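Here is a colleague's note to read alongside the model, written as numbered points. Please keep the structure open and find each element as it is named.

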Amino acid sequence: MCGINGILHLDTKQSVQESILIKMRDSLKHRGPDDQGIYLDQNLGFGHRRLSILDVSNAGHQPFLSEDGRYAMVYNGEIYNYKSFYPELQAKGIILKTQSDTEVLLHLFSLYGSKILPRLQGMFAFAIWDKQLQKLTLVRDRMGVKPLYYTFHNNSFYFASEQKALFTAGVPLVVSQNGLEEFIFNRFVAGENTLFKNIQKVIPGHVLTIYPDGKSTHEKWWSLKDEIQNHKHITKPEEWFTELFDESVRLRMVSDVPVGVFLSAGLDSSSILSSLFTQKYPNIQTYTIGFNQLEHNEADLAKRLATQYNYTPHCLQIEGDNLYQHVLDATYYQDEPLMHLSEPHLLALSRIAKPDVKVVLSGEGADELMGGYVRYKALKHPSLLRAIGVIGKTGLFSNNPRLDKLMRYAELTNSDDLILYNGSNMYPKDIQKHYGIVSAPQNQYRASILQEARELYPNNPKRQALYFDQHTYLCSLLDRNDRCTMGASIECREPFLDERLLSGLGTLPNSLLFKGKKGKYILKKTMESRLPKEILAYKKNGLSVPWGEYLTHSPAFKKELHAFTKSSIFELPYFQHINAQKLVLGIQQGDHRMLPFVMPLFMLHIWLKNYVERFSSSITLS
């Protein structure tokens, strides 16, 4: 796991300034504290910060150069099956000089180009410079586990693992109007765009190529839709899943440094721990977040499971000023306003894990692959949902936050909106009521993914929502995991995101996913013989955080909540109709139904004060 960055001046006579390249690189020091390097080739420069996971010797130093000097590469990630290519490379007369996956990757790409990508099992973002052809290639893994951002600025091309490196190089920080709208309506910006104007992401499963004349192309090297459509029929789903899941866990234990597990009492992370125990992996450390509030706390159950497997449990609670500081730190590492609201807790947990391990396994992806969210159930009977919407207008369930959210969701009358806003906490009518904002964003990328979902699963709203989340909401979760763990200089791996599981689960019938109260039926079924009944029956919390209590009881947050009512974000034309004091008063009076409307703005306020002002004298919106 590493931090990568680079500059390509499209004017071939302009040389890259080493000082700027190094500033970019060192803004990513948290991603790689173990080593650093640069590569300069006139108008091209690469920077690299290394977190040593495989072959921790100096042989894994990057940027990595081919022996003939034609190729240079900076790479962030892990190729889990890299050793399987040894015989193939040796048959071609290639003598490997290191034990790293970096060297294998460069040899493979020099031999096969982007055609090798479907054969790679792993998570990765990398850039390769072909000195002979003067061509720059950027590649991102199938699901976007590893981040990669880029921009064209002043006739130059910049890229980096995180946006802050681009701003460090002098790229102006300008908030995109479209991005801000999507943040408000959909919680995060999906697809190639970001919250920032002119800064984009390499889309997961894509290759971006910059040619000597400055032209660029985007090539899709992996399509989940195609993989699902071309997948052979699975005759014994439970056996297939168990075997493949265990293999995926085993692959993600490939490491020359210690590996731990982020463990809750939920089915997903517990299944990973159970797989490790079944496969007889010793000395596993587990890390769990605890809360004083009983309804949020899963620590005791997680500790019992770890102890039962003879593994070592660690539990952390953060409150008050400590939590507030982690909010500020997480905001910096995230680059954009906190959206999931569990980022500070994951960052704190990663910092606790750092002295013991360099790699952690996470259960991310199980919900989006196997229907684990309660919100999917609302799509089972759309006609019934419309009837619920009518009841909701009476205000009958307005005192119950969960039912109140369902009632507000049920007021959506457009079938597209039922999918587009299924993962949102507030809906267009809410935004109009509380923010005075009427027009929803265009969301072209989201619309294109929804169209793919319809073609793949016609007349099946729940499966459409799953496919939609796999390309949108899950990407935001993976970005959260990456930023929080890399903020503490450790690596996060997600066994549920094995590409064979992704495609195979996409072919299974609804009955193997949504059946039962909690969904994920096939996972629960295959774990019945492994996990204690109390884990299998445990009510899902996810990482539920009591923000209402934090805002009203913690002195640091109470002070910030007061400052929020006078925030400069309300000087933006987009937010000019918002009555911040009214929103805050609702929270202070104990109406936690107001939290979904306060938290996005509150985190935007904190981001403006503690991130934007590092790179810009004021917020610019365009």
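1. Two strands are said to pair if DSSP finds at least two bridges between them, and the first sheet of this predicted model can be read with that in mind. Strand 2 and strand 3 run antiparallel and are joined by 7 bridges, and within this pair Asp35 stands opposite Arg50 in strand 3. The hairpin that these two strands make has 2 residues between the strands, and Gln42 takes a positive phi near 55 degrees there.

2. The wider setting of that hairpin is an open sheet of 6 strands, which follow the order 2-3-1-9-8-10 with antiparallel pairing. Its edge strands are strand 2 (35-41) and strand 10 (200-201), each of which pairs on one side only. Helix 1 (residues 18-26) packs on this sheet, where it touches strand 1 (2-9), strand 2, strand 3 (44-50) and strand 9, and the direction of helix 1 makes about 145 degrees with that of strand 2.

3. Within the same sheet, strand 8 (residues 149-153) and strand 9 (residues 156-160) pair in the antiparallel sense over 5 bridges, with Tyr150 standing opposite Phe159 in strand 9. The loop between strand 8 and strand 9 holds Asn154, a residue that has a positive phi of about 50 degrees although it is not a glycine. Such a value deserves a second look, because most residues other than glycine have a negative phi, and most peptide bonds are trans.

4. A peptide bond should be checked as well: the one that joins Gln62 and Pro63 is cis, with omega about 0 degrees. Pro63 is placed in the loop between strand 3 and strand 4.

5. What is the order of the strands in the open sheet that includes strand 4? This sheet of 6 strands has the order 4-5-6-7-11-12, and its pairing is antiparallel. Strand 4 (64-65) and strand 12 (216-220) stand at the edges with a single partner strand each, so one side of each is left without a neighbour in the sheet.

6. Further into this second sheet, strand 5 (residues 71-79) and strand 6 (residues 122-130) run antiparallel and are joined by 9 bridges, and Val74 stands opposite Ala127 in strand 6. Helix 3 (residues 101-112) packs on the sheet and touches strand 4, strand 5, strand 6 and strand 7 (135-140), while the direction of helix 3 makes about 125 degrees with that of strand 5.

7. Turning to a contact between helices, the axes of helix 16 (residues 428-435) and helix 26 (residues 595-615) come within 11 Å and cross at roughly 70 degrees. Because angles of 65 to 115 degrees count as roughly perpendicular, helix 16 is described as roughly perpendicular to helix 26. On the side of helix 16 the contact involves Asp430, His434 and Tyr435, which meet Phe597, Pro600 and Leu601 in helix 26. The residues of this contact divide into 4 nonpolar, 1 polar and 1 charged.

8. Finally, the interior: how many cavities of 30 Å³ or more does a search of the whole structure find? The search finds 7, and the largest cavity has a volume of about 380 Å³. Its lining consists of 27 residues, of which Phe188, Val189, Lys201, Ser476 and Asp479 lie nearest the centre of the cavity. Helix 19 (residues 473-487) gives the most to this lining, with 3 residues, and the lining as a whole divides into 12 nonpolar, 9 polar and 6 charged residues.

Key:
Residues numbered from 1 in each chain as written. Predicted model: local features only at pLDDT ≥ 70, side-chain atom pairs only at ≥ 80, totals over all residues. Heavy atoms only, no water. Axes fitted to C-alpha atoms, helices over the stretch in contact; angles between N-to-C directions. Helix = DSSP H or I, 4+ residues; strand = E, 2+ residues; numbered from the N terminus. Parallel < 35°, antiparallel > 145°, perpendicular 65-115°, else oblique. Contact = heavy atoms within 4.5 Å. Nonpolar A, V, L, I, M, F, W, Y, C, P; charged D, E, K, R; others polar. 1 Å grid on protein atoms, 1.4 Å probe; cavity = no way out; pocket = protein on both sides within 12 Å on 5 of 7 lines; lining within 4 Å. Points joined across faces, edges and corners; volume = space filled by probe spheres on them.
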